[in-house]
4 protein chains.
Amino acid sequence: MREQENLLEELFNQDKDFTDKQKKILIAAIESFAEKGYASTSTSEIAKKAGVAEGTIFRHYKTKKELLYFIVEPMIKKVIAPFVIKDMRKVLDQEFEEFEDFLRAMITNMLLFISENKLLFRILIQEIPFQPELREIFKKHIATEVITRFSELISYYKEKGQLVDLSTRAIIRSVVSSIFGYIIARNILAPEIDWNNKEEMEQTIQFIMYGLKRK
Amino acid sequence: MREQENLLEELFNQDKDFTDKQKKILIAAIESFAEKGYASTSTSEIAKKAGVAEGTIFRHYKTKKELLYFIVEPMIKKVIAPFVIKDMRKVLDQEFEEFEDFLRAMITNMLLFISENKLLFRILIQEIPFQPELREIFKKHIATEVITRFSELISYYKEKGQLVDLSTRAIIRSVVSSIFGYIIARNILAPEIDWNNKEEMEQTIQFIMYGLKRK
Amino acid sequence: MREQENLLEELFNQDKDFTDKQKKILIAAIESFAEKGYASTSTSEIAKKAGVAEGTIFRHYKTKKELLYFIVEPMIKKVIAPFVIKDMRKVLDQEFEEFEDFLRAMITNMLLFISENKLLFRILIQEIPFQPELREIFKKHIATEVITRFSELISYYKEKGQLVDLSTRAIIRSVVSSIFGYIIARNILAPEIDWNNKEEMEQTIQFIMYGLKRK
Amino acid sequence: MREQENLLEELFNQDKDFTDKQKKILIAAIESFAEKGYASTSTSEIAKKAGVAEGTIFRHYKTKKELLYFIVEPMIKKVIAPFVIKDMRKVLDQEFEEFEDFLRAMITNMLLFISENKLLFRILIQEIPFQPELREIFKKHIATEVITRFSELISYYKEKGQLVDLSTRAIIRSVVSSIFGYIIARNILAPEIDWNNKEEMEQTIQFIMYGLKRK
DNA sequence: CATGAATGAGTTTTCATTCAT
DNA sequence: CATGAATGAAAACTCATTCAT
């Protein structure tokens, strides 16, 4: 995986219009939103952290909410969806003969992406329960796009006889739960533990493929 | 499971000192906290919803935060822990010879419990990222208590030769992820879908036990 | 005219729910709005003048605009309209045989009323150009109600052969202009002059009835 | 009346130093001030409407208030006063033998002038109550200059035996009220009505000269 | 000349909390 | 016990004005 997947840097690089102060505002906002949540973060606090006058924030983002969306939308829109889709293309192009190979590639990608964008990811999952509009965008882009593609893919491997006879929905849910379970445990519940990424990942794949029952 | 597992009712029943107004305050607070989050819910809003004067809230709970803890602590303290522990005793008392039987009992219990306490559950998982003190309590009671017991239990079934050779941590994580994945999908992500509880549960157990790989 | 026509006192008397602070807020707001205009008066200024915390204002009036409307609406709604209408009834009840008698009564009433409610009157005419909603209310209550009644009355005296052959609209406009011309000169343009009310009024009536041309 | 009486155009013509941007700023400011009032118009709004950067406004006018004065002063100073005085000279030069002729000429002039400068006129009468400095200028130029001249003129016609025996002040007030009553009704209160200018004017003159009493 | 980012003081409004009744 | 008026600190947001480019 050569590409730099840090969304914020990508944003700063591709759009040269960002003032130095503007960048500082974004960084400060991201840190505070991730730590204390959108609702408990005051604009004066962001301003102080960014070393900027409070008015400056509102020069760039009409409202505090606009600032949140500006931070969180790219995470959903421009990235997550195509990100997953990329891997799916490879599958259909026979790049992954075995489902397990696909799984390994996808997990690797997701872990890398999320570890590069930890704070953005935290904000996203923390705010989705409270921001109906955000939830809508999320549903449209994830629930619709990703689930559709993922379903096709599951069907593909099912037809190849590689997968057990569970409903596609249950399979997707199980895979996603297992992956996000790991991500959340690692990044949110117990970030202080020194995780052995490689092994945990391998065990997760093991679990997804073979379950817990000893043969 | 004969017992009524609705925490709020239980609370109201066992403690006769609750005024009518006090109950209304709790119900209103729970609804609002679940829907908009603790930080975005104002006490005046709760008062209005409860049909109570603003001051009345503070007669019963010194601060807004105390109100939150009052709501959320029983969920953690008095209930979750013993709840799980109860089942574990049964295991150790040879009630569940097979891990799968234990799993089935535990999932059934949890689903019932959470469907009875949907709002409390939402509040809990939504606020944990923002309330460090809550997180501490949670960690102490879940991470410590439950994980310890659960680990013993996993070891027990491992020794009986029923479980695959993954690290205990990975097993716990996988099981918990799979269950919570279902609960969250059902109750938070897509509550509008008409879920076939029984079948989804069975498929989840199936997945946990046997994985996705076709033999 | 026995009746007390001070709108504010009337309001305070009839509605016993007014707190002392609430009255002070209204008085302070009226003074400031009259002097500097709605837009240039800050709520903090009103609070200071009323000897009240700024929050107290918003306890009683959700927004600054609501405070303005609360002050200015009674002036339009409950008072001006019926005020004029009262006199009109007397006309139709043959109380005023001559148009001039009616005119004298109406002018006396208006002058009294406005001198009792100088500040409210100032606010009203100063803000009408800027508050479209206010303008709407004003139009509905004055333009519709009053003009209709006034038209009937003019027709009545026209039929009696007492009035010159100008369009009803022009007559109304002329009478109203003459009266308001005096009121505004007296109360807004040159309040420092010591006006001889009685004589000025008589001259105004003289002008309205006989014009400027010497016979 | 051959002369172009549009103050703004006159200003732009005589002073060639006006940049295109400067003109746009003035036009935008005039529109906004007239519509929403000086206090409720923000400089950023003017800048946006003028298609100009915020700073550009302050390049030309040190403060927002200076911009207002720049707009409104010519209306008072350079124009109103000499405008009326011009007619008065003609009177004294025996151009108008009858007061009615003078009246007709003056009203025609004023209506034309105001219809050419509607927005400026609106701003002037709307802001006078709020801008003490403006009120001073106005008083000095109108109250002093115009009233003095007008008084002489009234005395002149009085001596000629053409005018009724009212105080000069009452006469001035009545004439001015009648004219402004029409102007305000036409331009501010009910601009949507399709006024028959010629006839309304004639009726106004009729009223001023002969009053309402049928002979 | 023109720009527009930046400012900081000020504005309206919200809110948890207190307290006299 | 309950009320709701009152508070004041802080929140979000606005705005005239400055200044480096």
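**Figure 1. Relation of chain A to chain B.** Gly211(A) comes closest to the rotation axis of all residues of chain A, its C-alpha lying at 1.9 Å. The structure is a predicted model, in which local features need pLDDT of at least 70 and side-chain atom pairs count only at pLDDT 80 or more, while totals for chains, interfaces and linings use all residues; side-chain values use heavy atoms, with hydrogens and water left out. Residues are numbered from 1 along each chain as its sequence is written, and chains are lettered from A and ligands numbered from 1 in the order in which they are written. Two copies of a chain are related by a rotation about an axis and a shift along it. Chain A is superposed on chain B by a rotation of 180° with 0.0 Å of shift along its axis, at an RMSD of 0.2 Å (least squares on the C-alpha atoms of residues with pLDDT of at least 70 in both copies). This is the relation of a two-fold axis. Of the interface residues of chain A, 100% are also interface residues in chain B, so the copies meet through the same surface (contact means heavy atoms within 4.5 Å).

**Figure 2. Chain A and the spacing of chains.** Chain A contains 10 helices and 0 strands (DSSP runs numbered from the N terminus, helices being H or I with at least four residues and strands E with at least two). From the N terminus on, its elements run α-α-α-α-α-α-α-α-α-α. Along the principal axes, the C-alpha atoms of chain A fill a box of roughly 65 × 35 × 35 Å. Of the 215 residues in chain A, 51% are buried (buried means under 20% relative accessible area, exposed over 50%, and partly exposed in between, with a 1.4 Å probe and protein chains only). Among contacts in chain A with a separation of 6 or more, 69% are between residues 24 or more positions apart. Chain A and chain C do not touch, their nearest C-alpha atoms being 20 Å apart. Chain B and chain D are likewise without contact, and their closest C-alpha atoms lie 31 Å apart.

**Figure 3. The protein surface around DNA strand E.** Of the 33 residues around DNA strand E, Thr19(A), Thr43(B), Thr43(C), Lys21(D) and Thr56(D) come nearest (a residue is near a strand if one of its heavy atoms lies within 4 Å of it). Sugar or phosphate accounts for 60% of the strand E atoms within 4 Å of the protein, and bases for the rest. Polar contacts are pairs of N or O atoms within 3.5 Å; within protein, one must be able to donate a hydrogen and the other to accept it, and residues adjacent in sequence count only if both atoms are side-chain atoms. A polar backbone atom of Ala53(A) is 3.1 Å from a phosphate oxygen of strand E, and a backbone N or O atom of Thr41(B) lies 3.4 Å from a phosphate oxygen of this strand. A base nitrogen of strand E is 3.4 Å from a side-chain N or O atom of Arg59(A).

**Figure 4. The protein surface around DNA strand F.** Lys21(B), Thr56(B), Thr19(C), Thr56(C) and Thr43(D) come nearest among the 33 residues around DNA strand F. Of the strand F atoms within 4 Å of the protein, 59% belong to sugar or phosphate and the rest to bases. Phosphate oxygens of strand F lie 2.9 Å from a polar side-chain atom of His60(B), 2.6 Å from a backbone N or O atom of Thr43(D) and 2.8 Å from a backbone N or O atom of Lys64(D). Among the elements giving two or more residues to this surface are helix H3 (43-50) and helix H4 (54-60) of chain A.

**Figure 5. Helix H6 and two buried residues of chain C.** Helix H6 (residues 99-116) of chain C has 18 residues and reaches 26 Å from its first C-alpha to its last, close to the 26 Å expected at 1.5 Å a residue (1.5 Å times one less than the number of residues). Buried residues of H6(C) include Phe99(C), Glu100(C) and Leu103(C). Met209(C), in helix H10 (residues 197-210), is buried at a relative accessible area of 2%. Beyond residues up to four places away in sequence, Met209(C) touches Phe99(C), Glu100(C), Leu103(C), Tyr210(D), Gly211(D), Leu212(D) and Lys213(D). Gln126(C), in helix H7 (residues 118-127), counts as buried at 4% relative accessibility. With the same exclusion, Gln126(C) touches Phe33(C), Ala34(C), Pro129(D) and Phe130(D).
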